[in-house]
Amino acid sequence: IKLKYQLLGKRIWMPAFAVAGKVKIPTASESKGLGSGRADFGINAIFTKELSKSFVLHLNLGYTFIGEHGADNEMNYSGAAQYILSDKWALVGEIVGVNNFNGRKGDDPISGLLGTYYLISENVIWDAGVEIGMNKAAPDFRLTTGLTLLFKP
């Protein structure tokens, strides 16, 4: 579950700034090796800069506190570009990395994602993409999809 809040709106000379908090609820079976049985918590800083009406850049930097006993916490980072095709469609590309602070750089995954999103309504976005591993620590590929529900407090 993730909640994001924009603290600063876009300005001509300055990017927009938002923070996101997330919690991973331990619902997967620990006995089957699918989960840790513990919750993880994370915080993320998000910078967004509109370069033109059609081209937007995003930069994210975050930290995750891993609940599993003996597991290393993680720092995550990503850079993304978004090309707006129409009022409803956009293409996205992203490079994502994780540092798990265990001193072994070979098991810090780095991957690239190519995808799209579609604005279903003013408050609902559907997205889908394919993620491709860029080193041995990342999965070779992963398909992802999701819904984003937008609301204003």
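In which strand does Ile120 lie? In this predicted model, Ile120 belongs to strand β7, which covers residues 110-121. The relative accessibility of Ile120 is 43%, so this residue counts as partly exposed.

Ile120 is one of the residues that make a nonpolar surface patch of about 930 Å². The other contributors are Leu51, Phe55, Leu57, Tyr83, Leu85, Trp89, Leu91, Trp126 and Leu147. Two strands, β4 (55-65) and β6 (89-99), each provide at least two residues of this nonpolar patch.

Three aromatic pairs are present in the structure. In one of them, the ring centres of Phe17 and Phe47 are 5.0 Å apart and the ring planes meet at 40 degrees; the pair is therefore tilted, because planes under 30 degrees apart would count as stacked and those over 60 as edge-to-face. Phe17 is found in strand β2 (residues 16-24) and Phe47 in strand β3 (residues 40-50), so the pair ties together parts of the chain separated by 30 residues in sequence. Phe47 has a relative accessibility of 34% and therefore counts as partly exposed.

Another pair is formed by Trp89 and Tyr118, whose ring centres lie 4.7 Å apart with planes at 45 degrees, so this pair is tilted. Trp89 is in strand β6 and Tyr118 in strand β7, and the pair thus links distant parts of the chain, 29 residues apart. Trp89, which also contributes to the nonpolar patch, is partly exposed at 35% relative accessibility. Tyr118 has a relative accessible area of 26% and is likewise partly exposed, since this class lies between buried, under 20%, and exposed, over 50%.

How values were computed. Residues numbered from 1 in each chain as written. Predicted model: local features only at pLDDT ≥ 70, side-chain atom pairs only at ≥ 80, totals over all residues. Heavy atoms only, no water. Patch = residues over 30% accessible without salt bridge, like charges linked within 9 Å, V, L, I, M, F, W, Y side chains within 5 Å. Areas by Shrake-Rupley, 256 points an atom, 1.4 Å probe, with all protein chains shown as cover. Salt bridge = Lys/Arg side-chain N within 4 Å of Asp/Glu carboxyl O. Helix = DSSP H or I, 4+ residues; strand = E, 2+ residues; numbered from the N terminus. Buried < 20%, exposed > 50% of the residue type's maximum accessible area, 1.4 Å probe, protein only. Phe/Tyr/Trp six-rings, centres within 6.5 Å; stacked < 30°, edge-to-face > 60°.
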